[in-house]
Number of protein chains: 2
Amino acid sequence: MTAQRRVVAEVLDGDHVHLTADEVHMRAVAKLPEISRATVYNTLGELVSLGEVMEVATDKRAKRYDPNAHRPHHHLVCAQCGAIRDVHPSGNPLADLPDSERFGFSVSAVEVTYRGVCPNCAAA
Amino acid sequence: MTAQRRVVAEVLDGDHVHLTADEVHMRAVAKLPEISRATVYNTLGELVSLGEVMEVATDKRAKRYDPNAHRPHHHLVCAQCGAIRDVHPSGNPLADLPDSERFGFSVSAVEVTYRGVCPNCAAA
DNA sequence: ACTCGACTTGGACATTATCCAGAGTGGCGG
DNA sequence: CCGCCACTCTGGATAATGTCCAAGTCGAGT
């Protein structure tokens, strides 16, 4: 546990939002100016391997990192401003996939992304 | 409808797989050598706007384009080799999102990505 | 204090996507 | 048939994101 990794962990823990790798880097630089992008990417990759954070691919421009990896949840994305909210649907989508639709895959996870327009953008 | 756009449409229609923009470009070049990347991107963007093809963000490396945009379906992705299959689950995930979890959004679409390991990779 | 290994750094590089200025093309009125 | 206009395409530059590598740095153990 080095100073650099602690800073990355603090950035993710401080705000429970969904940051891009670049945003994590910028915030890390604010706390530790000499930290490099490579270290941020390395550390994020390790945190993902450890299961401490999740990668989220809601848009294709950049990965986002979700520090709320321990409680299963899905995401609600505004199509206009890109805002992301965590949501907790009632059903279990894994159960909705019958064996006949699994093609022999061993299915281990499911990601659900709801898309819509947030109240702010709807008002504008 | 120019020659270039016809070629892009043919590429997408010829194989019902999930091509990246770059794969579309390579296949388009095979049919029409002087087509440029910009034109492929433009045309793909127009097709998406028209609702003829869907963008799929199963990994973060590159967008993929799904020509099967007219029948709602979801995707089953192999975590190892990246193979993508279309699947048709039984339930309707939109119904699983109660109003209390919508935060005022007008939710219009849902994407579901199942992740697992395909039979080929499981055998290897 | 020395050595070794792990970590970090900074920059180069790769990939994917977008932008832009200029050239090309086709239709249409004259 | 000619020239004009709107639109499209091209090729290259550029941006955004992510990865890799060689060398430097730091700390633990001896």
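**Exercise 1. Find which element gives the largest share of the surface near DNA strand C.**

Solution. Start with the winner: α3(A) supplies three residues, the largest share. Here "near" means that a heavy atom of the residue lies within 4 Å of the strand, and helices are DSSP runs (H or I, at least four residues), numbered from the N terminus. Next, take the whole set: 15 residues surround DNA strand C, and Thr2(A), Thr39(A), Tyr41(B), Arg61(B) and Lys63(B) are the closest. On the DNA side, sugar and phosphate make up 80% of the strand's atoms that come within 4 Å of the protein.

A word on the ground rules: this is a predicted model, where local features need pLDDT of at least 70, side-chain atom pairs count only at pLDDT 80 or more, and totals for chains, interfaces and linings use all residues. Residues are numbered from 1 along each chain as its sequence is written, chains are lettered from A and ligands numbered from 1 in the order in which they are written, and side-chain values use heavy atoms, leaving out hydrogens and water.

**Exercise 2. Work out how far apart the centres of domain 1 and domain 2 of chain A are, and what area they bury.**

Solution. First get the bounds: an automatic or database assignment gives domain 1 (3-66) and domain 2 (74-123) in chain A. Then take the centres over C-alpha atoms, and you get 23 Å between these domains. Finally, domain 1 and domain 2 of chain A bury about 510 Å² between them, 56% of it on carbon and sulfur atoms; that's accessible area (1.4 Å probe) lost on putting the two parts together, summed over both.

Key:
Helices (H or I, at least four residues) and strands (E, at least two) are DSSP runs, numbered from the N terminus.
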